[in-house]
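Open the model in your viewer and set it to show side chains. The tour moves from one residue outward.

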Amino acid sequence: MSRSLPADLPGDPEVLRALVRRRDTGTRDDGHRIALVVAGGGMRGAYAGGMAHALDDAGLGGCFDVVYGSSAGAYIGAALLVGDGRGAAHIFFEDMACRAFADPRRAGRAPIVSLDHLLDHIMAVPKPMPWERLADRPLRVVATAADDLTGHVLHPRTPAEWKLALRATAAIPVVAGPAVELHGRRWIDGSVAEPLPVPRAIRDGATHVLALLNRTVPELRRADPGTGPARWARALDRLAPGLGSIAQESARHGPVLAVLDDAGHPGRAGVHLLAVTPATDEGVRGLTIDPVRVRRAADVGYAALTAALAAALAAA
């Protein structure tokens, strides 16, 4: 990336202003289709969880026409749409930052990440998910087809299928359990194909897109998409299809970053697009379970969305 790039991603604050108008008027007769896109990334999701918490506190959580999420982003989107933005943030440091959820010492004998603990304990007891309420919520869970590694939106119809969909979008062979079968196909982590489904939201007709990211701008720009999978990534794919793609994060984020980092990109023509990023890197990675660091990440995310909202309204 060129050193002449601005410090922030070029974004349009009109996205947040449109949400505020909906909140204040209580109507959606504005002709817009406003989409929220939430990034995945395991425990990195604490940043976006904090942003979702801030959206909820600002009364904006119910103002979106559609919400897209891959992996952790789908969980955050689900919590926000059922009115639990606070839980979307607090689940990371209060419940998931523990060895019962993520423990590398299990490698070779069990998944490092326990989706069973997340879905059957955390989302049943301390942070219960009202699965039946997702049926009428505009959540688009993105998963990757295990056979050809293409991204798709799942279409669960029952509470049991919603639970399967949330498992499918986070299933990482070897790391977080095997592929999940739903509607006749096998699915793995949505972030393999679509780590941030902004292009999908635009293709689906969004006029306004708010993207919640889990990486700082310098971290995003340091990644070089390259020209193809590295040799070590191909080796991981031989071990478990999709695993190399998961590990090679730069290659997955490159195409989306091209859209986010260029206001004139043809992929965002005519669309109001705003990406909110953490201001600081708190050292939280996909498997970080230090609750202090994870809470700081959630706080940084909350502050980033709050600051973006204040700036958008000040410039109105």
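Select Leu-118. Skip its neighbours within four places in sequence, and it is in contact with Tyr-75, Ile-91, Met-96, Phe-101 and Met-123. Bear in mind that this is a predicted model.

Now colour the largest nonpolar core, which has 79 residues. Leu-118 is one of those that touch the most other members, along with Leu-36, Leu-55, Leu-210 and Leu-212. Which helix gives the most to this core? Select residues 291-314: helix α12 contributes 9 residues. Another core lies apart from this one. It has 23 residues, and you can find it through Val-37, Ala-39, Tyr-68 and Leu-220, which are among them.

Return to Leu-118 and show its helix, α5, residues 115-122. The buried residues of α5 are Leu-115, His-117, Leu-118, Leu-119 and Ile-122. What covers them? Show α3, α4 (85-96) and α6 (159-168), which are included in that cover.

Keep α3 (residues 72-81) and add α2 (residues 45-57). Their axes come within 10 Å and cross at roughly 15°. That angle is under 35 degrees, so α2 and α3 count as roughly parallel to each other. The crossing of α2 and α3 is right-handed.

Zoom in on the contact between them. From α2, select Gly-45, Ala-48, Gly-49, Ala-52, Leu-55 and Asp-56. From α3, select Ala-72, Ile-76 and Leu-80. Colour this contact by residue type: 6 are nonpolar, 2 polar and 1 charged. Leu-55 links two stops, being part of this contact and a member of the largest nonpolar core.

Definitions and conventions
Residues are numbered from 1 along each chain as its sequence is written. This is a predicted model: local features need pLDDT of at least 70, side-chain atom pairs count only at pLDDT 80 or more; totals for chains, interfaces and linings use all residues. Side-chain values use heavy atoms; hydrogens and water are left out. Axes are lines fitted to C-alpha atoms, for helices over the stretch in contact, and angles run from 0 to 180 degrees between N-to-C directions. Helices (H or I, at least four residues) and strands (E, at least two) are DSSP runs, numbered from the N terminus. Angles under 35 degrees count as roughly parallel, over 145 as roughly antiparallel, 65 to 115 as roughly perpendicular and the rest as oblique. A crossing is left-handed if the near helix is turned anticlockwise from the far one by less than a right angle, and right-handed if clockwise. Contact means heavy atoms within 4.5 Å. Ala, Val, Leu, Ile, Met, Phe, Trp, Tyr, Cys and Pro count as nonpolar, Asp, Glu, Lys and Arg as charged, and the others, Gly among them, as polar. Buried means under 20% relative accessible area, exposed over 50%, partly exposed in between (1.4 Å probe, protein chains only). A nonpolar core is a set of buried Ala, Val, Leu, Ile, Met, Phe, Trp, Tyr and Cys residues joined through side-chain atoms within 4.5 Å.
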